[in-house]
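This briefing goes through the sheet, one helix and the ligand surroundings of the entry shown below, and it is meant to be read with the structure open.

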Amino acid sequence: MSNSFYDLKNEVHWNPITGCDPDPISLGCDNCWARRIRSRNLDGNGDSFAPQFHPDRLDAPLHWSKPRIFPTCFMGDWMAVDHRWSAIVMEVMWRNSKHQFLTLTKRAENLLQKLYWQHRGQGNVWLGVSAENQECWNQRAPFLCALKELGWHTWVSLEPLLGPINIAPGPGEWITKPDWVVVGCESGPRRRPCNTDWIYNTIEQCRNLNVPCYVKQIDVGGRVVKDINDDLGWRTATALMVRQYPKEFGQ
Ligand code: SF4
């Protein structure tokens, strides 16, 4: 398995903003992966996860002549920082229209309140929201729906999945639907359990909604499995090996 987030053949990580608010926003923050990586890399000197802006990294997308997909600001939450920084990053993404940019936040309301006016529905910028349980999804989904209505590409990361999530609560309750769903269990030394039935359920919902679904990793008896293959048993592996992408990603 490569160290890419989504096994995209043209994936490039880009972090012009790093860090996050010191106050956790929900259960998914308890074992924050980005905080753990930053702390490790900076030898524990100072607050290694304090929000930081890196202007020297802003022109990185310009250096790629062929289209790429940039998971952007994944080493933190780009909606938990000074919004002038986020606005500059949005401007750079907008100007590099040959690339696709994936953004992710737990602060969905900030996407709508602080940024939506800037460039309505830029086709190459994917606004994503992560949710770990039904309560978080119910709070954040309405903002994502509103952004979709404004013409943005939207996506959802159900990671770490800590409970079953009904992404479409019932007929008629959807204003719109996301363009991509990613789902996976928690990793790391303090990972919490993720029932495989919750993953199955997400796959099934995506199939019914006709939304591409990407299963990133699953919990098999407390073991994190990324390469979902035959050692799980043929039927299990076949049902869970779902690695779908939006057509815009050109995979
Ligand atoms: S919002 Fe995201 S980046 Fe910030 S602490 Fe929580 S999991 Fe980490």
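Which residue is the bridge partner of W126 in β6? The partner is H153, and the points below, which concern a predicted model, set this pair within the sheet before turning to helix α3 and to the ligand.

**Sheet**
- Seven strands form an open sheet with mixed pairing, and their order across the sheet is β3-β4-β5-β6-β7-β8-β9.
- The edge positions are taken by β3 (69-71) and β9 (223-225), each of which has a single partner strand, so one side of each is left without a neighbour in the sheet.
- From one strand to the next, the twist averages 20 degrees.
- Strands β5 (residues 125-130) and β6 (residues 153-158) run parallel and are joined by five bridges, and H153 of β6 is the bridge partner of W126.

**Helix α3**
- Within helix α3, which spans residues 108-115, the residues A108, L111 and L115 are buried.
- These buried residues lie on the same side of α3, because they cover an arc of only 85 degrees around the axis.
- An α-helix has 3.6 residues a turn, so residues three or four places apart point the same way.
- The cover over the buried residues of α3 includes the helices α2 (83-95) and α4 (134-149) together with the strands β4 (100-105) and β5.

**Ligand surroundings**
- The residues around the ligand are C20, P24, I25, G28, C29, C32, A34, R35, G76, D77, A80 and K106.
- Sorted by class, this shell has seven nonpolar, two polar and three charged residues.

Technical notes
Residues numbered from 1 in each chain as written. Predicted model: local features only at pLDDT ≥ 70, side-chain atom pairs only at ≥ 80, totals over all residues. Pairing = 2+ DSSP bridges. Helix = DSSP H or I, 4+ residues; strand = E, 2+ residues; numbered from the N terminus. Axes fitted to C-alpha atoms, helices over the stretch in contact; angles between N-to-C directions. Near = placed C-beta within 6 Å. Nonpolar A, V, L, I, M, F, W, Y, C, P; charged D, E, K, R; others polar. Buried ≥ 20, exposed ≤ 12 C-beta atoms within 10 Å, placed from the backbone. Arc of directions from axis to C-beta. Contact = placed C-beta atoms within 7 Å.
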